[in-house]
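Visitor: Please take a close look at one part of this model for me. I would like to see the sheet, with the loops and the helix that go with it.

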Amino acid sequence: MPDQRQVRHHFMPKLSHLSDESWMRRALGLAERAEHLGEVPIGAVLVVNNELVAEGWNQPLSTNDPTAHAEIVALRAAAARLNNYRLTGSTLYVTLEPCVMCAGAIVQARVGRLVYGAPDPQRGAAGSAFDLLTAAALNHRPEIVGGVCASLCGERLREFFQQKRKA
Ligand SMILES: [Zn+2]
């Protein structure tokens, strides 16, 4: 008979990895929605206990709102839905590494876990260009998982900018 504990030990990380990937695919679907609106294709979902709470997609142009990044849209919708400005214990999935503004909002909201797709070497604030989320001065530091579906997420952005240059 196999050792049950050992089986579970090996199975669990795989399971959570699989669900990270499926939530990221959902965020990618929202990135597509942004692209249909003529926005840079970035999508985000906020999840609590592996259940969807809110969705967001990048929309600063169509809403004339410089803060309407996918993460901010998802955080606002989630807080309104949960009737709580703290999103403790939540996981935020976003297709691109968050910028400085969104990293700040993630800390304000007390997001427990940040999972992002493609790294952003120019603006990423989760360690690529800035390292805001692990700063020792913060009283809240989310767990960070980067690079989930990174090539899919990055490819979508690269194609978008390539087509823009051609147009
Ligand atoms: Zn942002």
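Guide: What follows goes through the sheet, then a helix, then two loop residues. The model is a predicted one.

Start with the sheet. It is open and has 5 strands, in the order 2-1-3-4-5. The pairing is mixed. Strand 2 and strand 5 (143-145) form the edges, each pairing on one side only. From one strand to the next, the twist averages 15 degrees.

Now go to the edge at strand 5. Strand 4 and strand 5 run parallel, joined by 3 bridges. Val115 stands opposite Val145 of strand 5.

A helix packs on this sheet. Helix 5, residues 150-166, touches strand 3 (90-96) and strand 4. The direction of helix 5 makes about 60 degrees with that of strand 4.

Next, the loops. Most residues other than glycine have a negative phi. Asn50 has a positive one, near 60 degrees. This residue sits in the loop between strand 1 (43-48) and strand 2 (51-57). Asn50 counts as exposed because it has 10 C-beta neighbours inside 10 Å, and the cut-off for exposed is 12 or fewer.

Arg110 also has a positive phi, about 60 degrees, and is not a glycine. Its loop runs between helix 4 (100-108) and strand 4 (113-118). Arg110 has 16 C-beta neighbours inside 10 Å, so it counts as partly exposed.

Key:
Residues are numbered from 1 along each chain as its sequence is written. This is a predicted model: local features need pLDDT of at least 70, side-chain atom pairs count only at pLDDT 80 or more; totals for chains, interfaces and linings use all residues. Helices (H or I, at least four residues) and strands (E, at least two) are DSSP runs, numbered from the N terminus. A residue is buried if 20 or more other C-beta atoms lie within 10 Å of its own, exposed if 12 or fewer, and partly exposed in between; C-beta atoms are placed from the backbone. Two strands pair if DSSP finds at least two bridges between them. Axes are lines fitted to C-alpha atoms, for helices over the stretch in contact, and angles run from 0 to 180 degrees between N-to-C directions. Two residues are in contact if their C-beta atoms, placed from the backbone, lie within 7 Å.
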